[in-house]
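Work through the exercises below with the model open beside you. Each task is followed by a solution that goes step by step.

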Amino acid sequence: MSMSPIPKSQNAEDRTPGNLAPGLRVLVVEDNRVMGDVMRFNFDRAGFSTAVALNGRLAWDLLQAETFALLVTDLQMPEMDGRELCRRIRADSRLVHLPIILLTAKGLEIDRDQLTRELGLNLILYKPFSPRQLVAAAAECVAGHVATVEPAIS
Amino acid sequence: MPAPVSHISLVRRLLGHYLMCGLGAVAALGLGLALSTSGVFGAHRTHSFLEQVEQTAQAIAADETDHGGEQVQLLVEQLGAAETVAYCAVVSADGTYRAHSCPARVGQKCDAPVPASRSGIHRLERIENGRHVVLPIDEYWVSLKAGTAECGTLLVGTHVARETGFMARLADHAPTIMLLPVAILLLGGQMLRCTARQSSKIEEQLLQLSSSPASAATIDRLPEINPTASGWNRLVARVTNQATEANLAASLSKALGGVREQKAEKVLNKLSDGIALSDQYGRVLFANRSFSTLLGIAAERISESTVFELLFENEGASDELPVSDEVKSQLSQETLPVVFELPRGTDGVAGVLRVARQPLIDEGGQSLTHIWQIRDISQQKLAEQARSDFVNSAAHELRTPLANIKAYAETLALDDVTDLESQKGFLNIINSEATRLARFVDELLNISSLECGSLSLNRQQTDTLRLLNEAIEKVRPQVQQKGLEFTSVIPPKLPELSIDKDKVAAALVNLLGNAVKYTPEGGKVSLHVAQTPTELAVSVEDTGIGMSAQDLSKICQKFFRSEDPRVRDIPGSGIGLSLVQEVARSHGGRLEVHSELNKGSKFTLFIPLS
């Protein structure tokens, strides 16, 4: 499986907005409002139905209440961070196969492979990232092209 | 004090003894020679005289027989004329002088009885005035025979020469005189021996000194029979004293050495690093106090253990040492220096020890000892961690606005954002994110100027008013951008301060910047400067978000940032306040903070006037 931060698909910009993932629910967890807004804009444009949560705890609440096809989360957030949120998801039988894309402003200071295995991530993207690539990667994830990594947590 | 000695040198003395004895012996021999010579001559004289006497006796006898004795008186007188003859006579058988050198006495009765043996030599002895005297006259008696009939006795008295008498008496002691040279030689030998014996003893001791180590040799005193001996004894005494002094000096230096060693040990014990010395089996030969303290082991136990036991003791049952395989293999090679880090849990607090092993090989390459040095690098590790945290935090804070700028710019570049309002909104966001980024870079620089050389102050006379105004000018753009109300109350006259201008300025900018950062739009920020007799108080007050009491206690810790989302939304490193506090402290001042959540904060920086 390819764990490249940059998905190979370069088709996203050619596709007509709105038909990439019609009606699929994506949950964006991001404590920076400005960043959350631009992600919502891009996902909505691509045809996703987007919800934004400001931290892990709010996201967890939403996950309990609704069903999402994809989770895009920041790592460092107040109250409940991305790490804890992912652990909870992978420990939950209903959510264990939910595709997760992790966005992080951390670079070399995190161990990418170790984190991928530990949290059962589908993809890690580093900030600053390209919104186009994020949307394309999200489309691939929901299409099952990027496999969910079995969580290694006990 | 030297004895007043007028002394003849040893050589002269020996020569004198030698000459004296030699000459004495020669003289004695000469005397003997003279004696024997005179004896020989005496004997010769006596022999010829006796021959003359004999001839006279024969002539008398012949005359008696042939001529009836008419020539007798003449013959006697002839003999009596001889130099050595005192008198001369012929005694007839009836005891009268038939002839005499003194013609008057012819016919007279012989005064001395005719000896029984009618021939030979007789020493004349008389009793005169009741005293027995020996006359210096020898008397010769010769029997006269006319044919077979005895016809009288020839009597000849000869003078015994005085010298001859002395010599004769001396000759009586001839055996003694013969012994004299021997005795003189023996005496001389004895004198030489006496003189040489001391020299020999001195030489003996000197030889002993030369052949044995100075300390082992003992020097004996000599019996003080002469100045040489007393001089030697004095020398011995001095040397002995010196030896004693040398001993004293040695023991003193030993004691001093002990003191030096103690000092060295004191110094070693004062070191914060642990120092230990181990032999080739790892047994501890020496360990200073810090060694046991750092390892958390009672000092008494150190000497009973090996260094490995001590270092890895806390790891307990598991044989796995908390060091890498590389270090293990290095440790097994005893001649290699090794440096490694040893994690240690002491009193529940994780610590890290840096352990260095340096081999110490003596010249022979025989015995191998190791110097171990352990240092507590927990603080260093914490500092490294803090630095790494800071870099990570700064990187995160830089990437966040960058990510926004990139995301919005790329989105804007898409063809389908045609709505002018959206475009304007996006551009505004990009602008504000860029501003935020620029501000954070400023803050980093500010922090860097605070941190740079934080241990040393570059104090200089500083115009305080100007310093304050410059700080205000630095934050004014942000104040205006946020639409904050800014007031400052500064006395018109402020004293010059001897401070590190750059650091204090950075601290002020940091305080003002914080106030601006954490005060929502429409709030107030004020700067209030007051002077007391001893210090200058610079207060920065805001009507911002404030802090909880819990956060307040931590704000001066490095890298602390509140969990408050309003704080989290604002980029920051969590290092500024800790540096402001450091600046205050290094200037001998302090930082006071009052804050109330949701109401605002007041930071006051106190700086001593002198």
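A crossing of two helices is called left-handed if the near helix is turned anticlockwise from the far one by less than a right angle, and right-handed if it is turned clockwise. The structure used here is a predicted model.

**Exercise 1. Describe how helix α12(B) packs with helix α13(B), giving distance, angle and hand.**

Solution. Begin with the axes: those of α12 (residues 464-482) of chain B and α13 (residues 501-517) of chain B come within 9 Å and cross at roughly 25°. Because angles under 35 degrees count as roughly parallel, α12(B) is roughly parallel to α13(B). With the definition above, the hand can then be stated: α12(B) passes α13(B) in a right-handed crossing. Turning to the residues, α12(B) contributes, among others, Leu467(B), Leu468(B), Ala471(B), Val475(B) and Val479(B), while those it meets in α13(B) include Val504(B), Ala505(B), Leu508(B), Val509(B) and Leu512(B). Sorted by character, the residues of this contact divide into 11 nonpolar, two polar and four charged.

**Exercise 2. Determine which elements of chain B form its side towards chain A, and what character that side has.**

Solution. First count the contact: 19 residues of chain B are in contact with 21 residues of chain A. Next assign the chain B side to elements, where two or more residues come from each of α10 (378-413), α11 (420-451) and α15 (565-568) of chain B. Of these, α10(B) gives the most, with 13 residues. Finally, by character, the residues on this side of chain B comprise seven nonpolar, five polar and seven charged. For the complex, the predictor gives an ipTM of 0.81 and a pTM of 0.49.

**Exercise 3. Decide whether Tyr126(A) is buried, partly exposed or exposed, and place it in chain A.**

Solution. Tyr126(A) lies in strand β5 (residues 123-126) of chain A. Since a buried residue needs 20 or more other C-beta atoms within 10 Å and an exposed one has 12 or fewer, the 18 found around Tyr126(A) make this residue partly exposed. Gly107(A) is 19 residues away from Tyr126(A) in sequence, and their C-alpha atoms are 6.6 Å apart in space.

**Exercise 4. Identify where in chain B the confidence is lowest and highest among its elements.**

Solution. For chain B as a whole, the mean pLDDT is 80, and 87% of its residues reach 70 or more. Confidence is lowest in helix α3 (residues 162-172) of chain B, at a mean of 63, and highest in strand β15 (residues 535-542) of chain B, at 94. Over residues 1-5 of chain B the pLDDT is below 50, and this stretch has three contacts in the model beyond near neighbours in sequence. Where pLDDT is low, the predicted coordinates should not be read in detail.

Definitions and conventions:
Residues are numbered from 1 along each chain as its sequence is written. Chains are lettered from A and ligands numbered from 1 in the order in which they are written. This is a predicted model: local features need pLDDT of at least 70, side-chain atom pairs count only at pLDDT 80 or more; totals for chains, interfaces and linings use all residues. Helices (H or I, at least four residues) and strands (E, at least two) are DSSP runs, numbered from the N terminus. Two residues are in contact if their C-beta atoms, placed from the backbone, lie within 7 Å. Ala, Val, Leu, Ile, Met, Phe, Trp, Tyr, Cys and Pro count as nonpolar, Asp, Glu, Lys and Arg as charged, and the others, Gly among them, as polar. pLDDT is the predictor's confidence in each residue, from 0 to 100. Axes are lines fitted to C-alpha atoms, for helices over the stretch in contact, and angles run from 0 to 180 degrees between N-to-C directions. Angles under 35 degrees count as roughly parallel, over 145 as roughly antiparallel, 65 to 115 as roughly perpendicular and the rest as oblique.
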